[in-house]
Amino acid sequence: MDKKTIYTAIKPTGILTLGGYIGVAQNLKDMVKEYNAYICIADLHALTINPDPQVLRENSYKLLALYLALGIDTNKCTLYLQSQVPEHAEINWILSNFTMFGEATRMTQFKDHQAKSKEVNMGLLNYPILMAGDILLYDTDIVPVGIDQKQHVELCRNIAIRFNHKMGDTFKVPDVMIRKEGYKICGLSDPTKKMSKSERGDTGTIFVEDSKEDIIKKVKRAVTDSENEIKYDPENKPGVSNLLTIYACLKNIDVSSVAAQFEGQNYGTLKTEVANAIIETLEPLQKKYYKYLEDKDYLDEILAKGKLKAQAKARETLAKVYNTVGLIPAK
Ligand code: AMP
């Protein structure tokens, strides 16, 4: 039987957080073995925040080095940089004509940006349509994401269904995949909110580049509650539950067993064990990561190989779509 296709992307807007690592990156190595995997460095998506160009380039290489450090076998998957496959930008225009203004403005992430910032560019509104194109270009069956991206995958499904209905069967309609635990790792200083990259400098976010000392410091400061009872109860004990989830995901144990393991112990012990689990995960990863990062020629070679593989499929899909909507291919 043919392998199913998965599509996954991370934005090089900063250094990946422990949330992104647990939400998606941790399982990628195994997914590459099981699925036909497209793994993308979503640099076009990163443009919505108008990053410094040099920093964006460096972050793209960093993300590539991280993917490699995770042990992803690039001979068994398609690992590529989004902007090197222009079909992503091209399909975006086509799909925007099959997306309702109302549904795009209803996206929670867009509304959050709108509420927080005076400057809301069109890229932010367009972001989920670009993401829909990413997924649909590769006949994707499954999209593994954290909970924050679930709504965007649902929009992608709606766009594909609408397009197929109006124009005839063209796109495969993908399913979302969200891990059972760890789909929303929360910040350590505010365990009711997603751990996010934008809080650099904030002690609530752990980055995959963080030193051992920083990890210990950040976990020690993690907000818990005034009791001293270790229990998995996200509603009433979000801080403790978040720490238990982090530990469970990193150790590959279900969270109820972890809660049982720590029952009767104090918060200090839990924090020490969580910090150790993070360090044990990130230290070996960082060693490989910095080694890959030193060799830009090798990284460029990987990108060149990925571009060829991704573009072959993306071109095929785009040609089909152009034909379906009535565009004339150049002779
Ligand atoms: P991003 O770095 O925002 O491009 O996210 C990369 C992937 O990690 C996406 O699939 C997100 O849904 C996922 N992700 C990001 N932050 C978290 C988090 N705090 N908990 C779980 N998953 C996350």
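Me: Let's start with Leu 124 in this predicted model. Where is the place of Leu 124?

Reply: Leu 124 sits in helix H8, which covers residues 122-136.

Me: Why is Leu 124 called buried?

Reply: Its relative accessible area is 11%. The word buried is used under 20%, so with 11% Leu 124 earns that label.

Me: And what is Leu 124 in contact with, leaving aside its neighbours within four places in sequence?

Reply: Thr 48, Phe 110 and His 113. Contact asks for heavy atoms within 4.5 Å. For His 113 you can also look at the C-alpha atoms: those of Leu 124 and His 113 are separated by 8.1 Å, with the two residues 11 apart along the chain.

Me: Here is another one. How do you know that Asn 59 counts as buried?

Reply: Try the same reasoning. Asn 59 has 9% relative accessibility, and the limit for buried is under 20%, so Asn 59 counts as buried. You will find Asn 59 in helix H4. Apart from neighbours within four places in sequence, Asn 59 is in contact with Pro 12, Thr 13, Gly 14 and Ile 15.

Me: What makes Asn 242 buried?

Reply: A relative accessible area of 5%. Since buried means under 20%, Asn 242 qualifies. Asn 242 belongs to helix H11, residues 238-251. Neighbours within four places aside, Asn 242 is in contact with Ile 185, Cys 186, Gly 187 and Leu 188.

Me: Is Asn 50 buried or exposed, and how do you know?

Reply: Asn 50 counts as exposed. Exposed requires over 50%, and Asn 50 has 59% relative accessibility, so the label fits. Asn 50 is in the loop between helix H3 (43-46) and helix H4 (53-69).

Me: What is the phi of Asn 50?

Reply: Positive, at about 45 degrees, although Asn 50 is not a glycine. Most residues other than glycine have a negative phi. Asp 139 also has a positive phi, about 50 degrees, and is not a glycine either. The place of Asp 139 is in the loop between H8 and E4.

Me: Which residues are linked with Asp 139 in a network of salt bridges?

Reply: Lys 313 and Glu 316. Across the whole structure, a search finds 18 salt bridges.

Me: Why is the pair of Asp 148 and Lys 194 called a salt bridge?

Reply: The closest N and O atoms of Asp 148 and Lys 194 are 2.8 Å apart. A salt bridge needs a side-chain nitrogen of Lys or Arg within 4 Å of a carboxyl oxygen of Asp or Glu, so this pair meets the limit. The pair links distant parts of the chain, 46 residues apart: Asp 148 is in the loop between strand E4 (142-144) and helix H9 (150-167), while Lys 194 is in the loop between strand E5 (175-177) and helix H10 (212-220).

Me: What makes Asp 148 partly exposed?

Reply: Asp 148 has a relative accessible area of 28%. Partly exposed lies between the 20% and 50% limits, so 28% gives Asp 148 that name. Lys 194, with 35%, is partly exposed for the same kind of reason.

Me: How do you know that Arg 157 forms a salt bridge with Asp 175?

Reply: Their closest N and O atoms are 3.1 Å apart, and the limit is 4 Å, so the pair counts. Arg 157 is in helix H9 and Asp 175 in strand E5, 18 residues apart, so this pair also links distant parts of the chain. Arg 157, with 27%, is partly exposed, and so is Asp 175, with 42%.

Me: Now the ligand. What makes the pair of Lys 11 and the ligand a polar contact?

Reply: A polar backbone atom of Lys 11 is 2.9 Å from an oxygen atom of the ligand. The cut-off is a pair of N or O atoms within 3.5 Å, so this pair passes. By the same cut-off, Ile 185 passes with a backbone N or O atom 2.8 Å from a ligand nitrogen, and Met 195 passes with a polar backbone atom 3.0 Å from a ligand nitrogen. Taken alone, the ligand exposes 480 Å², and the protein buries 94% of that.

Me: Which residues come nearest to the ligand?

Reply: Of the 17 residues around the ligand, Lys 11, Gly 146, Asp 148, Ile 185 and Lys 197. The shell divides into six nonpolar, six polar and five charged residues. Helix H1, residues 18-23, gives the most to this shell, with three residues.

How values were computed:
Residues numbered from 1 in each chain as written. Predicted model: local features only at pLDDT ≥ 70, side-chain atom pairs only at ≥ 80, totals over all residues. Heavy atoms only, no water. Near = heavy atom within 4 Å. Polar contact = N/O pair within 3.5 Å; in protein donor to acceptor, adjacent residues only side chain to side chain. Areas by Shrake-Rupley, 256 points an atom, 1.4 Å probe, with all protein chains shown as cover. Helix = DSSP H or I, 4+ residues; strand = E, 2+ residues; numbered from the N terminus. Nonpolar A, V, L, I, M, F, W, Y, C, P; charged D, E, K, R; others polar. Buried < 20%, exposed > 50% of the residue type's maximum accessible area, 1.4 Å probe, protein only.
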